[in-house]
Amino acid sequence: MPGGEAAGGAGDPTGDVTRGAEGSRGGAAAVGVWGRRRMLRGVGAVAAGAAAASATGAAAAAAPRSRRVPADGPAAGSGASGPASSDLASSDPGWSRPEASGAAPAWPEVAGVAVCRAGRFEVVALLDAHGTFPLSRTDAFPGASAGAWADARRVDPRAFGPGDAWELDFRCFAVRRPGGRVVLVDSGIGPAGSPAASWAPVPGLLPGRLAAAGIAPGDVDAVVLSHLHEDHYGWSVTPDGRPAFPRARYVVQAAELAALAPGDAAVRHAVDPLRAAGRLHVVDGGTRLAGGRGGAVTLVPTPGHTPGHQSVVVDGGRRQIVIAGDVLVHAVQLADPAVRYFFEEDPGLARRTRRLLLERARERGAVLATAHLNRPFVPLG
């Protein structure tokens, strides 16, 4: 809410994505559980840890994890709130879904913009950048089976670069509501000098993508930051520290803020400037952002990748779109939700969250909107 910080409902450490306001880690528990995490700053250390994990199996689980993805790695680019529960459990028989077998996507991406509608809501995928991840895919996802990799290749063939390279998109989403007001989900990698510049293909293209979609900065009345990794908050503020979306409240889970290490780049680059401008809106658990008789836009806590990670459910009635954030970052985790990503801060919790979110989304016949797959929307069912 513009004008200062406000909290939502109380949290609990279960991370159950179906329980709305009770699904979040928060407060002292978050500090105790997450605050002791150490930082990995060099991609060499990360790669060495990944190699050890591949060789020994158990080493991966013991390796320290970072609040950020690797630094210093090469990146080849193409460049009114309150508690609420998410509904991820009802059926949706009224629309057909393409097979997840490499068929042409149902929502074509033109000039970095794709659109999927859910009732009165329009979800606009905005491609901020594309690049090669500093770690190989087998180091980033240790233990994935050959079958899971084969299934992933069918769903997202463009993720498979030369050799063992992982090619990924960096994508934000805008939810356009009746009347033209917009909820922006994540703000990408940012300009050339952003904190993601040491490893991601900056500058990102989000401002131009928004303009191409007919969205002006003043149209945005909420910016949901799924979590505070560098590639998700980069365009939140201008180079001189002002909110890039001047009429928006920036919505972050309390557990995410509580877990930030002193001096974290997210604090300097985003949290402190937004707080000083009175635009930081802190919630604790499931929160309804917008809605009425025609549907709702709801925050759902999905911890594990980070302690305060959150996803956004756009429910338009006959169609539901789940903007997942980094609950899964590669199609191999869609093929096998048990596959862990090397930079998940709590791999066990992330696995449970991923399984549950995908289970509920499939029951609902939802469309999955992904930040890092090379297709913006994936139908489930």
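Start by selecting Asp272, which is partly exposed with a relative accessible area of 39% (buried means under 20%, exposed over 50%, and partly exposed in between, with a 1.4 Å probe and protein chains only). Before going on: this is a predicted model, where local features need pLDDT of at least 70, side-chain atom pairs count only at pLDDT 80 or more, and totals for chains, interfaces and linings use all residues. Residues are numbered from 1 along each chain as its sequence is written, and side-chain values use heavy atoms, with hydrogens and water left out.

**Stop 1: helix H8**

Keep Asp272 on screen and add Arg275. Their side chains meet in a salt bridge, 3.6 Å from N to O (a side-chain nitrogen of Lys or Arg within 4 Å of a carboxyl oxygen of Asp or Glu). Arg275 is partly exposed too, at 38% relative accessibility. The two are three residues apart in helix H8, so about one helical turn separates them.

Now select the whole of H8, residues 265–276. Helices here are DSSP runs of H or I with at least four residues, strands are runs of E with at least two, and both are numbered from the N terminus. Try a distance between the end C-alpha atoms of H8: they are 16 Å apart, which agrees with the 16 Å that 12 residues should span at 1.5 Å a residue. That expected span is 1.5 Å times one less than the number of residues.

Which residues of H8 are buried? Colour Ala265, Ala266, Val267, His269, Ala270, Val271, Pro273 and Leu274. Then show what they pack against: strand S6 (249–253), helix H7 (254–258) and strand S7 (280–283), with contact taken as heavy atoms within 4.5 Å.

Have a look at both ends as well. At the start of H8, a side-chain oxygen of Asp264 comes within 2.8 Å of the backbone nitrogen of Ala266. Just after the helix, Gly278 has a positive phi of about 75°.

**Stop 2: Asp315 and its partners**

Jump to Asp315 and Arg364. Another salt bridge sits here, at 3.1 Å from N to O. Asp315 is in strand S10 (residues 310–315) and Arg364 in helix H10 (residues 347–364), so the pair ties together parts that are 49 residues apart in sequence. Are the two buried or exposed? Both Asp315 and Arg364 are buried.

Add Gln320, whose side chain makes a polar contact of 3.1 Å with that of Asp315. A polar contact is a pair of N or O atoms within 3.5 Å; within protein, one must be able to donate a hydrogen and the other to accept it, and residues adjacent in sequence count only if both atoms are side-chain atoms. Gln320 belongs to strand S11 (residues 320–323), and at 0% relative accessibility Gln320 counts as buried.

**Stop 3: a pair in the open**

For a contrasting setting, select Asp240 and Arg242, joined by a salt bridge of 3.0 Å, N to O. Asp240 is exposed, with a relative accessible area of 53%, while Arg242 is partly exposed at 48%. A search of the whole structure finds 14 salt bridges.

**Stop 4: the aromatics**

Rings of Phe, Tyr and Trp (its six-membered ring) pair if their centres lie within 6.5 Å; planes under 30 degrees apart count as stacked, over 60 as edge-to-face and the rest as tilted. By this rule there are 13 aromatic pairs. Zoom in on Phe133 and Trp166: the ring centres are 4.6 Å apart and the planes lie at 45°, so this pair is tilted. Phe133 is buried at 5%, and Trp166 is buried at 1%.

Widen the selection to Phe133, Phe141, Trp149, Phe160, Trp166, Phe170, Trp199, Tyr341, Phe342 and Phe343, which form one aromatic cluster. Then add Arg137, which lies over the face of Trp149, 5.9 Å from the ring centre (CZ of Arg or NZ of Lys within 6 Å of the centre and within 35 degrees of the ring normal).

**Stop 5: backbone oddities**

Go to the loop between strand S4 (182–185) and helix H6 (206–212), where Pro203 is found. A cis peptide bond, with omega about -5°, joins Val202 and Pro203. Asp186 is in the loop between S4 and H6; its phi is positive, about 75°, although Asp186 is not a glycine. Asp186 is buried, at 3%.

Finish at Ala111, in the loop between helix H3 (58–62) and strand S1 (113–118). Here phi is near 55°, again positive in a residue other than glycine, and Ala111 counts as exposed at 57% relative accessibility.
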